[in-house]
Amino acid sequence: DDRRPEAFLYSSDRIALLLGQGTLVHTSAAAHLETLYEDGLVIFSSREELAENVIALTKDDERRRAIAAKGWQIAHSRTNGTRIAKYMLETLLEKTLSEDYGWPTRELSSSRK
């Protein structure tokens, strides 16, 4: 396997854009985005699993819509631009975090040591 390993919680603006629009998102299990979006996206570990998920959800419109709606809700509440910018500023300025952001932070990381 010549694929590069994915960083923990690797994401891109495309995922944010799709989730924010209410589009169902399939993402690699290696990124661990379920840590942020829980059951608001579809995780796959292989191309075969991705294909199986796409086929299954094509046949189950209610489930597909429910997953996409959950992803939309989380994207707008937990990972909206204002919260991300606030977190980035607090982190860059080395301030105490003003809230529990709902994702792993330096405080969580340092408390695990």
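Which residues are exposed on the other side of α5? In this predicted model, the residues exposed there are Gly 81, Thr 82, Leu 89 and Leu 92, and the report below returns to that helix after a description of the chain and its core.

## The chain as a whole

The protein chain contains 6 helices and 2 strands, which follow one another along the sequence in the pattern α-β-α-β-α-α-α-α. Of its 113 residues, 27% count as buried, and the surface that the chain exposes comes to about 7,900 Å², with carbon and sulfur atoms supplying 55% of that area. Among the contacts with a separation of 6 or more, 42% are accounted for by residues 24 or more positions apart.

## The nonpolar cores and Tyr 37

In soluble globular proteins, nonpolar side chains tend to be buried together. Here the largest nonpolar core has 14 residues, of which Leu 19, Leu 33, Tyr 37 and Leu 41 touch the most other members; at least two residues of this core come from each of α1 (13–20), α2 and α4. Another core, of 5 residues, lies apart from it, and Leu 24, Val 42, Ile 67 and Ala 68 are among its members.

Tyr 37, one of the residues named for the largest core, is placed in helix α2 (residues 34–37). Its relative accessibility is 5%, and because buried means under 20%, Tyr 37 counts as buried. When residues up to four places away in sequence are not counted, Tyr 37 touches Leu 19, Ile 74, Ala 75, Arg 78 and Thr 79. For one of these pairs, Tyr 37 and Arg 78, the separation is 41 residues in sequence and 8.6 Å in space, taken from C-alpha to C-alpha.

Thr 79, another residue on that contact list, sits in the loop between α4 (61–77) and α5. With a relative accessible area of 16%, Thr 79 is also buried, and its side chain makes a polar contact of 3.1 Å with the side chain of Tyr 37. Outside the residues up to four places away in sequence, Thr 79 touches Tyr 37, Ile 74, Ile 84 and Trp 103. Ile 74 therefore appears in the contact lists of both Tyr 37 and Thr 79, and this residue belongs to the buried set of α4.

## Helices α4 and α5

Both helices can be checked against the rise of 1.5 Å a residue, as the table sets out.

| Helix | Number of residues | Expected span | Distance between end C-alpha atoms |
|---|---|---|---|
| α4 | 17 residues | 24 Å | 24 Å |
| α5 | 12 residues | 16 Å | 16 Å |

For α4 the distance agrees with the expected span. The buried residues of α4 are Ile 67, Ala 68, Gly 71, Ile 74 and Ala 75; seen down the helix axis they fall within an arc of 125°, so they line one face of α4. The cover over these buried residues includes α1, α2, β2 and α3 (47–58), whereas the face turned away from the buried side carries the exposed residues Glu 62 and Arg 65.

For α5 (residues 81–92) the distance likewise agrees with the expected span. Its buried residues are Arg 83, Tyr 87 and Glu 90, and because they fall within an arc of 65° when seen down the axis, they line one face of the helix. On the other side lie the exposed residues given at the outset, Gly 81, Thr 82, Leu 89 and Leu 92. At the start of α5, a side-chain oxygen of Asn 80 comes to within 3.0 Å of the backbone nitrogen of Thr 82, while Glu 94, with a positive phi, follows the helix.

## Positive phi values in two loops

Glu 94 has a positive phi of about 55° although it is not a glycine, and Glu 94 is found in the loop between α5 and α6 (106–111). Its relative accessibility is 71%, and since exposed means over 50%, Glu 94 counts as exposed.

Glu 38 also has a positive phi, in this case near 50°, and is a residue other than glycine. Its place is in the loop between α2 and β2 (42–44), and its relative accessible area of 36% makes Glu 38 partly exposed.

Methods:
Residues numbered from 1 in each chain as written. Predicted model: local features only at pLDDT ≥ 70, side-chain atom pairs only at ≥ 80, totals over all residues. Heavy atoms only, no water. Helix = DSSP H or I, 4+ residues; strand = E, 2+ residues; numbered from the N terminus. Expected span 1.5 Å × (residues − 1). Buried < 20%, exposed > 50% of the residue type's maximum accessible area, 1.4 Å probe, protein only. Arc of directions from axis to C-beta. Polar contact = N/O pair within 3.5 Å; in protein donor to acceptor, adjacent residues only side chain to side chain. Contact = heavy atoms within 4.5 Å. Core = buried A, V, L, I, M, F, W, Y, C linked by side-chain atoms within 4.5 Å. Areas by Shrake-Rupley, 256 points an atom, 1.4 Å probe, with all protein chains shown as cover.
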